[in-house]
Amino acid sequence: MSKRLALPVASIIFGFILIGIVVSNTPISHAQEGEQNLAALRGSAVYAEFCAACHGPEGEAIGSAPGFVSIAEFDPATVRAQIVKGYDSDENTPVKMVGYGIEAGGPLQSGPIDDVVAYMLTWQTPEADTPELPAANLEPGSAAYTGSGDPAEGAVVYAYSCLGCHGRDAKGRGESNFPRFKIDENSVRVAATGDGHGFVAAFADNAGGPLTPAQLDNLDAYLRTIEVEEEEEGPQGVTILLMVLGLGAVGLVGGVYVAAVRQGRAAG
Ligand code: HEC
Ligand code: HEC
């Protein structure tokens with residue numbers, strides 16, 4: 001072998017040896033790891049719909065008001081119960097978090113709660129990939145709107161900040177802490193200020209929340225495009241796969257990933 005070739009060949013061989021070491025050292029529990037990744041992926045959709053509104057994309061909090069707390073350093077041992085039952089660290093302040101578990105009158109079954117915890121754990125696990133939060137997939141309604149706000153932008157604001165508690169078209173999720181509300185000129189003001197309502201954070205940036213005046217205008221624009229129907233009988237059921245915020249989409253995309261990952265595992 002010529003000297004010119006010796007070095008590249010040697011480095012290629014060395015590369016293969018390295019790959020060999022890495023491959024043979026990968027954890028035995030491929031399947032378990034895959035399960036965990038899938039749970040985190042599903043959980044990212046749950047988190048986007050229900051939690052990011054107050055805690056921000058990765059738990060870093062997105063406002064300075066007490067309703068928007070950082071959970072980047074959450075305690076894994078207690079977090080599940082806090083999500084299920086809600087959390088009130090100090091009864092002398094009005095600040096508290098609603099319970100999301102069905103046993104506490106919330107919309108989330110235990111599966112999605114496990115998933116959201118799996119997603120949150122990726123923040124604390126350096127070797128885990130934190131899935132990207134899915135983008136909102138919510139279109140404005142069909143009612144005419146002539147103001148200056150942008151209903152499409154407002155739909156994104158609604159999906160991110162309101163949908164988790166108020167459901168599609170502000171129809172609620174059929175539980176008292178997840179109520180429908182009547183859309184009128186007052187709706188955005190209530191959300192902007194919190195209006196003294198227990199679980200409603202003050203979303204306006206001048207009150208310590210994340211939403212700018214322009215975003216609040218867009219939110220108002222979006223709400224005005226929703227056709228308000230007569231009060232319906234009975235609670236609106238919640239099916240995880242039908243949740244908006246792309247979770248419909250995430251359900252599908254996620255499903256594709258599930259299939260792809262399973263096939264990959266089976267083949268490999
Ligand atoms: C409307 C705002 C809001 C939403 C939405 C929200 N939270 Fe919270 N969360 C809070 C507030 C406020 C606290 C602190 C309550 C207190 O200290 O009394 C809190 C506390 C927590 C804690 C405990 C932090 C600690 O200090 O131990 C965890 C964990 C948590 N939230 C997770 C979640 C998850 C997961 C979701 C989505 C399922 C969620 N939250 C949705 C407002 C919210
Ligand atoms: C953590 C859950 C939660 C989030 C997030 C949330 N709300 Fe609410 N909202 C509630 C609850 C619970 C009530 C009822 C409070 C009460 O009656 O004391 C309420 C009440 C309201 C009301 C008043 C209803 C009435 O008839 O008085 C309006 C309007 C409203 N919310 C709009 C919004 C908008 C817009 C957003 C998004 C920027 C939002 N909310 C985000 C839980 C939430």
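**Figure 1. The largest nonpolar core in this predicted model has 50 residues.** Tyr47, Val116 and Tyr158 are the ones with the most contacts inside this core. The elements that put in two or more residues are H2, helix H3 (52-55), helix H5 (110-124), helix H6 (151-161), H7, H8 and H9. Among these, H2 gives the most, with eight residues. As a general backdrop, nonpolar side chains tend to be buried together in soluble globular proteins.

**Figure 2. A look around Val116, one of the best-connected residues of the core.** Which residues does valine 116 touch once neighbours within four places in sequence are left aside? The contacts are Gly43, Val46, Tyr47, Cys51 and Ile83. Gly43, Val46 and Tyr47 also turn up among the buried residues of H2, and Val116 itself is buried in H5.

**Figure 3. Helix H2 covers residues 30-50.** How far apart should the ends of H2 be, at 1.5 Å a residue? With 21 residues, the expected span is 30 Å, and the end C-alpha atoms sit 30 Å apart, so the two agree. A run of buried residues goes through Ala39, Ala40, Leu41, Arg42, Gly43, Ser44, Ala45, Val46, Tyr47, Ala48, Glu49 and Phe50. Note that Arg42 and Glu49 are on that buried list too.

**Figure 4. Helix H5 packs its buried residues against H2 and H4.** The buried set in H5 is Pro112, Ile113, Asp115, Val116, Ala118, Tyr119, Met120 and Thr122. On length, the 15 residues of H5 should span 21 Å at 1.5 Å a residue, and the end C-alpha atoms are 22 Å apart, which agrees.

**Figure 5. Glutamine 124 in helix H5.** Is glutamine 124 buried or partly exposed? There are 13 other C-beta atoms within 10 Å, so glutamine 124 counts as partly exposed; being buried would take 20 or more. Glutamine 124 and glutamate 73 are 51 residues apart in sequence, yet their C-alpha atoms are 7.9 Å apart in space.

**Figure 6. The shell around ligand 1 has 24 residues.** Phe50, Cys51, Cys54, Ser89 and Met97 are the closest. H3 and helix H4 (76-85) each supply at least two residues of this shell. By type, the shell divides into 15 nonpolar, five polar and four charged residues. Two of the closest residues also appear in earlier views: Phe50 is among the buried residues of H2, and Cys51 is one of the contacts of valine 116.

**Figure 7. The shell around ligand 2 has 20 residues.** Cys162, Cys165, Val190, Ala191 and His197 come nearest to the ligand. Helix H7 (163-166) and helix H8 (187-193) each supply at least two residues of the shell, and H8 gives the most, with four. What is the make-up of this shell? It divides into 12 nonpolar residues, seven polar and one charged.

**Figure 8. Aspartate 169 and alanine 170, in the loop between H7 and H8, have positive phi values.** Phi is near 55 degrees for aspartate 169 and near 60 degrees for alanine 170. Most residues other than glycine have a negative phi. How many C-beta neighbours does aspartate 169 have inside 10 Å? The count is 19, so aspartate 169 is partly exposed. Alanine 170 has 18 such neighbours, so alanine 170 is partly exposed as well.

**Figure 9. Where the predictor is confident and where it isn't.** The protein averages a pLDDT of 79, and 74% of the residues score at least 70. Confidence is highest in helix H9 (residues 213-224), at a mean of 97, and lowest in helix H10 (residues 247-267), at 32. Over residues 233-268 the pLDDT is below 50, though this stretch still has 52 contacts in the model beyond near neighbours in sequence. Residues 20-24 also stay under 50, and there the model has zero contacts beyond four places in sequence.

**Figure 10. Zooming out to the fold around these close-ups: 10 helices and zero strands.** Buried residues make up 32% of the 268 residues. Of the contacts between residues at least 6 apart in sequence, 64% join residues at least 24 apart.

Terms used
Residues numbered from 1 in each chain as written. Chains lettered and ligands numbered in written order. Predicted model: local features only at pLDDT ≥ 70, side-chain atom pairs only at ≥ 80, totals over all residues. Near = placed C-beta within 6 Å. Nonpolar A, V, L, I, M, F, W, Y, C, P; charged D, E, K, R; others polar. Expected span 1.5 Å × (residues − 1). Buried ≥ 20, exposed ≤ 12 C-beta atoms within 10 Å, placed from the backbone. pLDDT = per-residue confidence, 0-100. Contact = placed C-beta atoms within 7 Å. Core = buried A, V, L, I, M, F, W, Y, C linked by C-beta atoms within 7 Å.
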